[in-house]
Amino acid sequence: METETATPWLTDTEQCAWRTFLDVQRMLTHQLERDLQPFGLTMNDYEILVNLSESPERRLRMSDLATATLQSKSRLSHQITRMENAGLVQRANCESDRRGLYAVLTDQGMATMRQVAPHHVESVRDHFIDRLTPEALDSLHASLKPVAERLRGKRGKP
């Protein structure tokens with residue numbers, strides 16, 4: 001495809017790598033979602049549970065959780081409401097900032113995390129980690145690290 005642009009088109013090798021990455025990302029996410037369904041969780045739910053379970057006092061400010069999970073504040077609020085209704089999290093007021101709210105992992109949420117985590121790790125191993133050699137994993141990490149760092153640096157910037 002010819003266009004009048006200063007940006008060069010992807011080479012065949014670049015195109016192949018890019019499309020393979022997209023295919024793997026979509027298919028892996030789809031499979032991991034399917035593997036969480038028996039527990040009544042989505043990948044977004046699981047990511048929230050992980051973030052809260054790894055935070056001091058199992059709590060995060062809603063704005064920090066939105067940033068960590070790359071969700072808009074509005075979308076996260078709806079997600080937290082759904083998870084509150086399931087007993088996994090609760091909202092708590094921020095004593096130092098009356099406008100701020102925390103998302104807090106409940107005991108039931110922590111129990112769910114402990115139940116689901118081994119199954120999720122097994123799924124990640126089966127569909128991803130165990131398909132690659134240790135050398136390939138090292139190479140993949142080294143290859144993707146600069147991309148992740150650049151994207152982390154662009155958060156909130158156009």
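In this predicted model, helix α6 gives the most to a nonpolar patch on the surface, with four residues. The patch is formed by L10, W18, F21, L132, L140, L144, V147 and L151, which together have about 700 Å² of accessible area, and α1 as well as α6 supplies at least two of its residues. One of the members to look at is L151, which lies in helix α6 and has a relative accessible area of 55%, so L151 is exposed.

From the patch, the reader can turn to the pockets. The largest pocket has a volume of about 1600 Å³, and 27 residues line it, with F21, Q25, T29, L144 and A148 lying nearest its centre. Two or more residues of this lining come from each of α1 (12-36), α2 (43-53) and α6 (134-154), and α1 gives the most, with nine residues. Sorted by class, the lining of the largest pocket holds 17 nonpolar, seven polar and three charged residues. F21 and L144, listed among the residues nearest the centre of the largest pocket, are also members of the nonpolar patch.

The second largest pocket has a volume of about 190 Å³, and its lining is made up of R61, M62, S63, K73, D97, R99, G100 and L101. By class, the lining of the second largest pocket divides into four charged, two polar and two nonpolar residues, whereas that of the largest pocket has 17 nonpolar residues and three charged ones.

Notes. Residues numbered from 1 in each chain as written. Predicted model: local features only at pLDDT ≥ 70, side-chain atom pairs only at ≥ 80, totals over all residues. Heavy atoms only, no water. 1 Å grid on protein atoms, 1.4 Å probe; cavity = no way out; pocket = protein on both sides within 12 Å on 5 of 7 lines; lining within 4 Å. Points joined across faces, edges and corners; volume = space filled by probe spheres on them. Nonpolar A, V, L, I, M, F, W, Y, C, P; charged D, E, K, R; others polar. Patch = residues over 30% accessible without salt bridge, like charges linked within 9 Å, V, L, I, M, F, W, Y side chains within 5 Å. Areas by Shrake-Rupley, 256 points an atom, 1.4 Å probe, with all protein chains shown as cover. Salt bridge = Lys/Arg side-chain N within 4 Å of Asp/Glu carboxyl O. Buried < 20%, exposed > 50% of the residue type's maximum accessible area, 1.4 Å probe, protein only.
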